[in-house]
Structures are given as structure tokens and as C-alpha cells.
Amino acid sequence: MASSLSFLATTASPLHHHRSRHSRKASRAPTHFYPSASGAGTNATNASAYDNGGGKESILKLDRRNVLLGTLGGLYGAAALGRENTAVASPVVPPDLSKCKTANAGSETEPIWVECCPPYTDNSKIVDYKFPTSSTPLRTRKPAHLLDADDLAKYKEAYKLMRALDPNDPWSLEQQAKVHCQYCNEAYDQVGYDVPVQVHFNWIFLPWHRYYIHFHEKILGKLIGDETFALPFWNWDSPDGMTIPTSFKDTTSSLYDEKRNPANLTKVLDYQYSLTNYENPYTDDELKTKNLYQMSRTFRESLPLPELFLGDPVRAGEEASAGKTMGRIEAIHNAAHQFVGLPDSPYRDMGNFYSAGYDPLFYCHHSNVDRMWHIYRQKRGNKVDFNDKDWLNSSFIFYDENKQLVKVKVEDCLNPQKLRYTYEDVELPWADSSIKKKQKAKAKPRSRVSLVQVSEFGPDPRPLDSTIRALVQRPKKSRTKSEKEDEVEVLVIDGIEIAHNGPVNFEVYVAVPYGGNFVGPDLGESAGSFVKLPHSHIRKKGDAEKKKYSLKLGISSLLEDIDAEGAEKLVVSLVPKDGEVNIGGIHIDLIKTDWTA
Ligand code: C2O
């Protein structure tokens, strides 16, 4: 064991320029193994796999895909080569547990190496999950800021017990947090591909996190011996719930986490929070109304098109980032992560994926994210979000409340009743149609404004170092009601290239030009934001160019709100907040809906 590692360390030096993870792994000895005292842990397993390949140095130099083609032959090879071919597209499958690697929670240039591999590595121990029977008591999740003394006591007791467990126990808070790191900070590759497993920025974001907190909730319940224990939700879609719930701020409580931004502990969460360039000209009440309006917009725009709410498809072998858009609810959720975490790199705990799960508020936050999805599905009459086998059959592994590794599928989590939990019915202030009017009344037209001419974005990518304002042609103006019921108007910002692995945030505004191609200082109506937490999406040289994100924002109802249906062109403004970003282009698409109100 020791000798194979020192061997790797010596051969790694000539490969320093080679920035693949193989050289990283080679240049850094793993810090700890579990469970075996003999050192037969996950990283050790990996290291010896490379040893066994023959010709150590050459294997280290090879691209991972080539290694797989060589060692595994036709099966994976064919799949890897067929990536572009939709005929062989298939659902994302769980990773190979024996192949967990040291994760990087920092950047390529300033790596933060984290050991987040789980204590379980044996794939043969995985069984299909047995769902609770319909007579199992229902867990009712309640708003965290309205818990009664009894519920609060149980909630604290559960985390107290979870925190007291051995850190190697899969039920411990330590291991629960590491699960998030494994699936977000690229500790696993997808089986058969040189592509990391990534549960953010795509259509498995909501189902994966639903299962994650479902098992977390059951474990907490088991710890306190209460089958009805339910994870409270941070009710940030209600004016009274928009600050961090009080119970999390008691420094003596198990719900407390010291790695939170002290400046935001009593502030109102802004769905458009940004880390480095945040300005808040609003009173608390105005901010709350602005949030409600955004939530209302999120639902109105995305009800007819699930990809706008949940995110774009990702199938086996695909990068979560490449040309993909994250759902709108994920962007809002990211802002809350940044609001809670410390304001400086690495933004622990909530502000970075690798550490977010160390804060009990994380699970409470995700309980509300999940609730938002539940409400979204209800509003669509529970119509299946993506009638696509690759989504429905996407599968994951979790360690459950019976100390069992279980495999679950997306299609089995669509109805929370099947998982035996539900949400207490609370008011949805954002669903009130007067929100729209209140917000509108605030935007007073300016008296005399100086107008400037605005032109099209142009064919070449542009750095977003200051606000970009561009004239964008609509595919069709003055659309009829039935045309709108048939197709959603979607603003697409593509070729989003991110220079670093740090946080990224920019805002998007839409206005109608004056006299064809003039704009005033008013940016117009907010259509949404692009918000990304820091994570190591850049692994190798050249990744930044290859892995471009896109952003899709529904604008059908926005255009109605600003009486712009008759406009031929729109002025789209991109306002940089965090990070260094290049923009490839801006255009507007009409996309077929699957649902009408
Ligand atoms: Cu996996 Cu809140 O993110």
C-alpha cells in the first residue's frame, strides 16, 4: 500500500503540466481511509487499479476514456463513442461506489482537496428501495419559523443525536454532508465516461435532492424514535419566512452553524442576492414584494415548460454544464445558498456545494425547494414533468434509515405520498394576482430621460465586464392567445463561458425600445438571473471553452405585464454581478408547451 503510493508520487512529477485528475490524484496522498484499518479504502483501490493496468506511466497519461476503452472493451466503448447519437441515449445511472476520488472544492489554480468519499464502497450491497407501505404514517413538513415547542424540541434533539454519531457512521452529519460533496464536487465519474456525476444544473436536480432529504429525514426520525418526524421547511416564499428562521440562530442549539454570514443573519433574503456586487436599495417590505413577484413570475413562466423550472435534460455521458440551462427554481435556491454562507472563499458552509450539508439549514432549505416542486406539480395537475424514459429511469443510490444501500428511480418519487410525506398547507402569497399590480405601480415612468441608441449583440462572444444592452429580434410579434397556448416565448442566452470556478451571477432585464432602437437608463423588467455556486467545473485546460452554459428564461407573461406583445424587438440587458463571464449570444425562441392552464 505505502509503496504503491510512493511510487505514484514519484512518477507524478514529470506529469505536472498535465492537469487531469489522474495526475492530481497521483501527486497527493489520500489523507484517510475507512473502514478498513489495513488501508483498503476507496482511494487505495483506485491507485491499485492503475497499477494493475500495466505500464503505469503511460496509463497515467491517457485520457480516462481511453483507459476504459482499453480495459473494459466494447460495451462502454460503444456507449462512449455514441454520445452524440440519441439512439443510444440512456438515463444517468448510479456511480461505481468503489471508484470514489478526492474531490476538488476549489478551482484548478487554487484547489481545495476534500475527502468526501463514503465509508461504503461495495456495489454488491445495493438493493432496490422498498417504499413505505400506504399504512405508514404520513410525515407532515411544516414551516420552520412556525414550529411549536414540541416540534422544535424534536428537531433539535434529532440533530443533536446526528452530530454525536461517529463521523464514519453513514448517518452522521459528517457523512450526510459528504453525500452532497460526492455528487456535486465530482468525486465520481459516470460509469463508462470521462464525465463527472453532477446532480446540479439539470433535470435531476429536484428528484435527486428529493430523495436525499427524504432519507435524511427518515434517519433523523429513526434517531429520535419518531416515525412521523418531518423535516421543517424554510418558508422563504412567504414574507414572514424570508429571514433565516430564529431557531437556527441560537448558538447553543444543534441547528446552529457558525459558518454563516453574520451580516445576513437578520436580513431579508433577496432572490437576487449576489456575493460581490450586492446593492439593496429596498426597504424590507419592498424586498419581500419583489421576491414574491419573482416567485409568481417563476411559476407563471415555467408552468407550460418544465425545463424552465427543473432544468435541461442530462443523459448518460453528458456534461451537466455543456450548453445546458438550470431551472429557475435552482437559480433562486443558489442565491439563498450564497446569502447564508460566509462571504469569502470557500464560502462555507452553505455557499459551497462541498460544505453545504454541514449546516442543518441546508436540509430545511431543500425542504422548501422540494415543496416548490411539489406545488409546481400540483399546479400542473400532476402531469409528468418530462415524459422521457431517460428522466424517469434516472437512478441514484442512498444509504437509508435501515442501514441499507438502496437504489431509487426518478419515476418513483414524483408523488410524495408514495414516500409518505406531505407539506402542511400554508398560504402562497406569491400566487395572489395582485402581486403583479403592486409591483407594476412601483415602476414609475421617468419624466425626461436621455435616450441612447442600442444595437444588436453581434456575431462574436463578448465579455460581460459591464452591462451589455442588446436589441433582440422576436420570432413573432402580436401573438394570439392560441399561439401563446401552443408555444412559449423563451429568451436564450447561450455560450456562457465562465473563466474561473468561483461564484457567478448576472441579471437579465427586458424592455421595449423607444422608436425602434433607443433605450433610456431604465433596464426594464427583471426576467431572472444566472446564479452559480463555486464548483470545479474546470478540470482541465480548455474546459472553460468547452463547457459553456446557457440560460433560458420564459418571457411570455413578462411581455404581457409590460404590454410588449406588439414589439418587434426587445432590449435585453445583462448586468454582471459576480465572476468573470463571456456571453456567446442572445436570441428568442418559441418552444412548444406540454401544458396549458
Ligand atoms: Cu445540491 Cu442546494 O444544492
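What is the order of the strands in the open sheet of four strands with antiparallel pairing? Keep that in mind while you get set up. This is a predicted model, where local features need pLDDT of at least 70, side-chain atom pairs count only at pLDDT 80 or more, and totals for chains, interfaces and linings use all residues. Residues are numbered from 1 along each chain as its sequence is written, and side-chain values use heavy atoms, with hydrogens and water left out.

**Stop 1: the four-strand sheet**

The order is β10-β16-β12-β14. Strand and helix names here follow DSSP runs numbered from the N terminus: helices are H or I runs of at least four residues, and strands are E runs of at least two. Two strands pair if DSSP finds at least two bridges between them.

Select 468-473 for β10 and 525-532 for β14. These two stand at the edges with a single partner strand each, so one side of each has no neighbour in the sheet. On average, neighbouring strands of this sheet are turned by 25° against each other, direction ignored.

Now add β12, residues 504-511, which pairs with β14 in the antiparallel sense over seven bridges. Click on Phe 506 and look straight across: Phe 530 in β14 stands opposite. While you are looking at strands, here is a handy rule: in a regular strand the side chains alternate between the two faces of the sheet.

**Stop 2: a helix across the sheet, and its partner**

Keep the sheet on screen and add α12, residues 328-340. Helix α12 lies across β12, β14 and β16 (569-578), and runs at about 65° to β14. For angles like this, axes are lines fitted to C-alpha atoms (for helices, over the stretch in contact), and angles run from 0 to 180 degrees between N-to-C directions.

Next, select α10, residues 284-302. Two packed helices are described by the angle between their axes and the distance between the axes. The axes of α10 and α12 come within 10 Å and cross at roughly 155°. That is why α10 and α12 are called roughly antiparallel to each other; the labels are roughly parallel under 35 degrees, roughly antiparallel over 145, roughly perpendicular from 65 to 115, and oblique for the rest.

Which residues of α10 and α12 make the contact? On α10, show Gln 294, Met 295, Arg 297, Thr 298 and Glu 301; on α12, show Arg 328, Ile 329 and Ile 332. Contact means heavy atoms within 4.5 Å. The residues of this contact divide into three nonpolar, two polar and three charged. In this scheme Ala, Val, Leu, Ile, Met, Phe, Trp, Tyr, Cys and Pro are nonpolar, Asp, Glu, Lys and Arg are charged, and the others, Gly among them, are polar.

**Stop 3: an odd loop**

Follow the chain out of α12 into the loop before α13 (353-356), where you'll find Pro 346. A cis peptide bond joins Ser 345 and Pro 346, with omega about 5°. Tyr 347 lies in this loop between α12 and α13 too, and has a positive phi of about 60° although it is not a glycine. Keep going to Asp 349, also in the loop between α12 and α13: a cis peptide bond joins Arg 348 to Asp 349, with omega about -15°.

**Stop 4: the three-strand sheet**

Three strands form another open sheet, in the order β3-β6-β5, with mixed pairing. Select β3 (126-128) and β5 (395-399): they stand at the edges with a single partner strand each, so one side of each is left without a neighbour in the sheet. The twist averages 35° from one strand to the next.

Add β6, residues 405-409, which pairs with β3 in the parallel sense over three bridges. Ile 126 stands opposite Leu 405 in β6. Five bridges join β5 to β6, and these two run antiparallel. Ser 395 stands opposite Lys 409 in β6. β5 and β6 form a hairpin with five residues between them, and Lys 403 in the turn has a positive phi of about 60°.

Bring in α9, residues 205-223: this helix lies across β5 and β6, at about 20° to β5.

**Stop 5: a disulfide**

Finish with Cys 100 and Cys 117, joined by a disulfide with an S to S distance of 2.1 Å. A disulfide here is a pair of cysteine sulfur atoms within 2.5 Å, and by this rule the count comes to two. The torsion about the S-S bond of Cys 100 and Cys 117 is about -95°, so this disulfide is left-handed.
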